[in-house]
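This report describes selected features of one molecular structure for a reader beginning the subject. Please keep the sequence and the model in view while reading.

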Amino acid sequence: MINRAWPYPPIVAHRGGGKLAPENTLAAIDLGAQLGHLMIEFDAKLSQDGEIFLLHDDTLDRTSNGWGVAGQLPWDKLVQLDAGSWFGKTFDGERLPLLAQVADRCRQHRLMANIEIKPTTGLEVETGRVVALAARDLWQDQVAPLLSSFSYEALEAAQKAAPELPRGLLLHEWNDNWRQMTDALGCLSIHLNHKLLDEQRTAELKQAGLRILVYTVNEPERAHQLLQWGVDAICTDRIDVIGPDFR
Ligand code: G3P
Ligand code: MG
């Protein structure tokens, strides 16, 4: 039986602090909190030696001064990289954060978390398992983090490892099997590209008992419309535009 409780707020910071700071860094999380966020979404994956850290892409090239597949490097190499200066000079020296550091920051700022399990290709099952076990441990004194993934296998592994943690299936393209998939995974929520939603689909998903989170909504009119249809949470890059009065 799924616990249908939804303790999460309607606005969620995308990749820590959205487009206002280098994504998936502690600086982004600090800024998100400062701007009024109550919850953050971020992307978690494994280093070669099994440390859980934050990064969106498989490779390091776009958001750090490193290159190549991040999951093929050990943590002692990854920790030396600069993950801030690509975004702007004021973020020079910002590091890739470990999941444990992010849990501390969430506790410090009283932020809730949506941990997106973003496995390096081929490491879906292991990443799902390890992230779920760590999340259980690191967030034991905080509101349970919502685990999500585009990877069915990663969510299935998370479900096996820590069945009590809430799960959300991520879809970038519409999938007619959404009901079967979310049922099998015991999902509390479905996380969708907001362009996939209209009022009827929203109603259908709600009817099935699912909570709905959408990404990435940066326009107040669209955010209003989605919330009015019954969407539960909006993941945004631009809380400065959407406005904290949405809470
Ligand atoms: O979890 C919502 C959103 O972050 C999914 O897309 O590519 O930004 O991780 P992406
Ligand atoms: Mg993400």
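In this predicted model, an oxygen atom of ligand 1 lies 2.7 Å from a polar atom in the side chain of Lys-118. Two other side chains also place a polar atom beside a ligand oxygen: that of His-56, at 2.6 Å, and that of Asp-43, at 3.3 Å. The table sets out these distances.

| Residue | Partner | Distance |
|---|---|---|
| His-56, N or O atom of the side chain | oxygen atom of ligand 1 | 2.6 Å |
| Lys-118, polar side-chain atom | oxygen atom of ligand 1 | 2.7 Å |
| Asp-43, polar side-chain atom | oxygen atom of ligand 1 | 3.3 Å |

Which residues surround ligand 1? They are His-14, Arg-15, Glu-41, Asp-43, His-56, Glu-116, Lys-118, Phe-150, Leu-170 and Tyr-215.

The report now turns to pairs of helices. Helix 4 spans residues 124-138 and helix 5 spans residues 152-161; their axes come within 7 Å and cross at roughly 40°. Because angles from 35 up to 65 degrees count as oblique, helix 4 is oblique to helix 5. The crossing of helix 4 past helix 5 is right-handed. On the side of helix 4, the contact involves Glu-124, Val-125, Gly-128, Arg-129, Ala-132, Leu-133 and Arg-136, which meet Glu-153, Ala-154, Ala-157, Ala-158 and Ala-161 of helix 5. Sorted by class, this contact between helix 4 and helix 5 contains seven nonpolar, one polar and four charged residues.

A second pair consists of helix 1 (residues 26-34) and helix 3 (residues 99-109), whose axes come within 11 Å and cross at roughly 15°. Since an angle under 35 degrees counts as roughly parallel, helix 1 and helix 3 are roughly parallel to each other. Helix 1 passes helix 3 in a right-handed crossing. Here Leu-26, Ile-29, Asp-30 and Ala-33 of helix 1 meet Gln-101, Val-102, Arg-105 and His-109 of helix 3. The contact of helix 1 with helix 3 comprises four nonpolar, two polar and two charged residues.

Methods: Residues numbered from 1 in each chain as written. Chains lettered and ligands numbered in written order. Predicted model: local features only at pLDDT ≥ 70, side-chain atom pairs only at ≥ 80, totals over all residues. Heavy atoms only, no water. Axes fitted to C-alpha atoms, helices over the stretch in contact; angles between N-to-C directions. Helix = DSSP H or I, 4+ residues; strand = E, 2+ residues; numbered from the N terminus. Parallel < 35°, antiparallel > 145°, perpendicular 65-115°, else oblique. Left-handed = near helix turned anticlockwise from the far one by under 90°. Contact = heavy atoms within 4.5 Å. Nonpolar A, V, L, I, M, F, W, Y, C, P; charged D, E, K, R; others polar. Near = heavy atom within 4 Å. Polar contact = N/O pair within 3.5 Å; in protein donor to acceptor, adjacent residues only side chain to side chain.
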